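Q: I'm new to this one and would like to learn how to read where its parts touch. Can we go through it together?

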Amino acid sequence: MAILKTENLSKSFGALAAVKDVSLGIEAGSLHSIIGPNGAGKTTLFNLLTGTFPPTSGRIIFDQKDITGTPAHRIAHLGLARSYQRTSVFPAFSLFDNVWVAAFACGSSWKGFLWKRTDGYPEATERARQALSDVGLEKKSHQLAREISHGEQRQLELAIALAAAPRVLLLDEPAAGLSPEETRNMVALVRGLKGRYTIVLIEHKIDIIMSVSDRISVMHFGSLIAEGSPEEIQRNPEVRRAYLGGIAA
Amino acid sequence: MKKETIVLLVSIIALPFVVRPAIATEIWIFAIFGLGLNLLLGYTGLLSFGQSTFFGSAAYVAGWLLKHYGINVFFALGIGVGVGALSALLVGYLCVQRSGLYFIMLTFALNQLFYFIAYQWTTVTGGEDGMPGIPRPLFFGFDFRNPMLYYAFVSVLFLLSLWLMKRIVESPLGRILRAIRENEVRAEAVGYHVPRFKLLAFVIGGAFSGLAGVLYAMLFGIVPLEAISFVFSGNVVFATLIGGSGSLYGPIIGSFVFIWLSESMSVMWARWPLLLGVAFVIVVLFFRGGVVEAWSRLGEKVRLWRSSRQKT
Amino acid sequence: MNLLLGQILNGIATGMLYALMGLGLSLITGVLNIPNFAHGALFAVGAYLLVSSANLVGNFWVALLVAPLGVALLGLIIEYAGVRRLYAAGHDYQLLFTFGLALILNELIIVIWGPVGISHLPPAILRGGVDLGFTFYPKYRLFVMGMAGLLVLATWLFLEKTRYGAIMRAGIENKEMVSLLGIDIHRLFTVAFGIGAFLAGIAGALTAPIRGLSPGMGVDMLGIAFVVVALGGLGNLLGAIAAGLLIGIAQAVVAAYWTEASTAVIFAVMALVLLIRPQGMFGIR
């Protein structure tokens with residue numbers, strides 16, 4: 001059962017068609033990767049899914065409900081959480097506060113948010129703690145986000161998405177800028193999340209894609225040019241063509 | 001934490017013996033005004049350059065009711081807070097929908113709108129002459145015409161305001177506002193309707209400004225046109241930045257510095273705004289992080305010096 | 001009806017001056033990312049410099065050249081000695097600096113020229129009126145319209161047709177990119193401030209014979225300049241003209257029927273437009 005679907009989703013910026021007629025379905029509980037050369041429209045697709053801007057045409061269906069045009073601040077409440085390609089955290093906050101803010105937003109109740117103390121929300125506190133623990137940062141929860149290393153910030157980036165306790169995780173290049181060892185850690189992390197969440201993953205590093213994905217969709221110049229299992233994609237000649245001159249495997 | 005409270009209480013008790021009670025009262029009133037602004041500036045990262053809109057509007061409305069309808073003190077305070085919050089809601093609604101630079105310019109421009117209305121509506125506001133004759137009514141038998149009693153009253157209200165602001169900044173709202181300041185895009189992405197939260201901060205700031213406005217009207221017995229002018233808006237920004245927008249207590253220090261500066265200058269020369277402008281410029285050029293930060297930097301240096309001495 | 005048409009013409013004249021103010025402010029604010037709170041004071045200084053140099057030299061035209069240049073020089077000094085030094089401290093402090101400067105300049109005007117309003121006649125050649133059929137219209141105001149139009153055109157030519165103008169437009173859009181391209185970003189700031197100050201100065205100089213001078217003229221104009229930018233958009237030349245004309249004409253028309261409200265109307269119009277279109281007349285948030 002496709003938990004997240006797009007139907008003929010398109011987005012143009014003036015004359016530039018960034019996403020063209022993309023229809024894809026993400027099965028619940030699967031890890032579905034989206035790959036393609038730079039400029040293929042992957043991040044724009046994510047932006048459409050998270051309501052950063054509305055599509056020019058087409059629909060987005062989440063859990064059988066049409067969520068097209070839902071504004072960005074409501075998306076997290078629906079159960080979709082996203083991590084960003086360029087680290088986007090709250091630099092002056094501690095790691096704990098970073099995830100707490102995300103956990104509180106999607107918490108069951110905001111009652112008393114004007115006068116109660118922040119530690120008076122056990123649900124948010126627990127989810128925040130869990131999110132940091134899931135990514136292995138719980139020992140540093142009191143450090144400031146701007147003080148930790150880039151690799152740790154990428155982990156924090158993921159933790160913020162997890163803190164919302166979403167059903168679907170949209171991960172935009174979680175391994176961006178990571179060293180080989182950090183990348184291995186990140187892959188293990190993502191693999192560990194499989195099954196607990198439905199994951200849509202954008203990545204450039206082919207070995208990661210091949211090792212974790214259940215299904216892969218390939219984008220090129222805004223359109224979907226191929227979709228299938230990792231083996232099918234590896235054998236697909238169109239995909240090879242798209243990648244010639246693009247990202248090498 | 002405790003240390004700050006002690007210092008605060010001591011200064012409250014000692015102040016009216018160091019300066020005239022009226023000046024001392026003005027300092028705490030201005031501190032309340034600054035607390036309101038700092039929720040916007042320090043915590044949410046919104047530089048509102050039109051806070052006097054709410055201060056002045058509250059002062060005029062409450063002043064009018066005090067003068068012509070003899071309302072009691074409670075009602076006056078309530079009106080002040082209400083008018084401050086309502087005017088902030090109206091102004092804020094237009095302003096929060098635009099970003100950074102436009103926001104600043106709009107708060108200023110809307111301030112000018114209110115200023116010109118106050119300037120022209122002489123039958124009600126008195127225009128350039130201001131609205132004189134504002135009484136200080138009796139409060140449970142306390143005659144607030146006694147400056148020390150009124151000072152005590154204002155100090156208590158100040159402490160209350162400080163406590164309230166402390167609760168707010170330590171609440172989830174405080175953290176959400178800071179998140180908006182840190183990374184507005186991500187704050188929205190994790191599920192907060194940013195303009196609505198900005199508007200909330202605006203309204204709370206307006207409420208504090210309104211309270212300060214009523215107390216000001218009752219302090220001086222008059223609402224001068226300046227109370228709704230851009231200079232007044234600029235003064236509270238200056239005071240807050242100088243005190244240090246990063247801390248809850250910054251506006252208090254800023255209030256001390258500013259009131260001291262403006263009071264000493266106003267007796268020197270009729271053209272004292274020039275001196276004030278010069279003071280702004282000097283302070284801005286040389287004391288950038290604000291007094292609180294300069295103080296902590298000094299503290300840091302002292303600590304380093306001490307620890308290096310211990311090593312030898 | 002004739003009264004109305006005459007007022008509309010007045011509105012166009014003042015509207016063009018508002019557009020000039022908005023344009024100058026737009027350049028400074030767009031490039032430096034700070035609302036220049038001293039912009040109104042620069043306008044006032046331009047007016048007062050015109051009167052003083054005209055009285056000194058006995059020639060309006062020389063004064064019309066000297067005054068804006070003087071203000072431009074003042075602008076360059078402000079940028080170099082103050083704004084630039086605060087670059088590292090952040091926008092809030094640069095803003096506060098311009099605010100403090102506004103206080104200083106406004107008070108200096110009173111110190112030097114006194115608190116009473118001054119009036120100044122247009123040069124002999126531009127006195128009197130022209131018969132336009134429906135009304136006898138002051139020559140000077142027609143001159144102002146033409147002059148302002150020329151200045152706007154010159155600014156447009158600079159921005160659109162010269163290389164440095166393109167750099168400036170790019171700087172308004174994306175400062176980082178411009179400095180990455182190896183362009184001296186600090187020089188860009190200084191030039192932008194200089195041009196913006198020049199435009200404020202000449203707007204002030206042109207205003208002097210129309211409305212007379214008063215020490216408060218700077219403050220009043222600052223708010224109006226902000227309105228023009230808020231409605232027209234940063235760096236948007238056409239926006240500045242459209243917004244300037246809109247509020248100029250609105251103010252003039254209202255002044256015919258309800259003089260007291262005429263200045264407040266400018267801000268009321270702004271509030272109304274923003275209620276309908278929060279992103280301003282031309283859609284830039």
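**Where the parts meet**

Q: Let's start inside chain A: how many residues of domain 1 and domain 2 of chain A are in contact?
A: This is a predicted model, so keep that in mind. To read a contact, look at what each side gives: here 11 residues of domain 1 of chain A are in contact with 9 residues of domain 2 of chain A.

Q: Which elements give two or more residues to the domain 1 side?
A: Look for α2, β7 (168–172) and α6 (180–193) of chain A. The biggest giver on that side is α6(A), with 3 residues.

Q: And what is that side by class?
A: The side of domain 1 that touches domain 2 in chain A has 7 nonpolar, 3 polar and 1 charged residues.

Q: Where do the two domains of chain A run along the sequence?
A: Bounds can come in pieces, and they do here: domain 1 is assigned to 1–79 + 168–249, and domain 2 to 89–165. The C-alpha centres of these two domains of chain A lie 25 Å apart.

Q: Now the two chains: how many residues does each one bring to the contact?
A: Again, read both sides: chain A brings 26 residues and chain B brings 20 residues.

Q: Which elements of chain A supply at least two residues to its side?
A: Those are α2 (72–78) and α3 (95–105) of chain A. The largest share of the chain A side, 5 residues, comes from α3(A).

Q: What about the classes on the chain A side?
A: The side of chain A that touches chain B has 17 nonpolar, 5 polar and 4 charged residues.

How values were computed:
Residues are numbered from 1 along each chain as its sequence is written. Chains are lettered from A and ligands numbered from 1 in the order in which they are written. This is a predicted model: local features need pLDDT of at least 70, side-chain atom pairs count only at pLDDT 80 or more; totals for chains, interfaces and linings use all residues. Two residues are in contact if their C-beta atoms, placed from the backbone, lie within 7 Å. Helices (H or I, at least four residues) and strands (E, at least two) are DSSP runs, numbered from the N terminus. Ala, Val, Leu, Ile, Met, Phe, Trp, Tyr, Cys and Pro count as nonpolar, Asp, Glu, Lys and Arg as charged, and the others, Gly among them, as polar. Domain bounds come from an automatic or database domain assignment.
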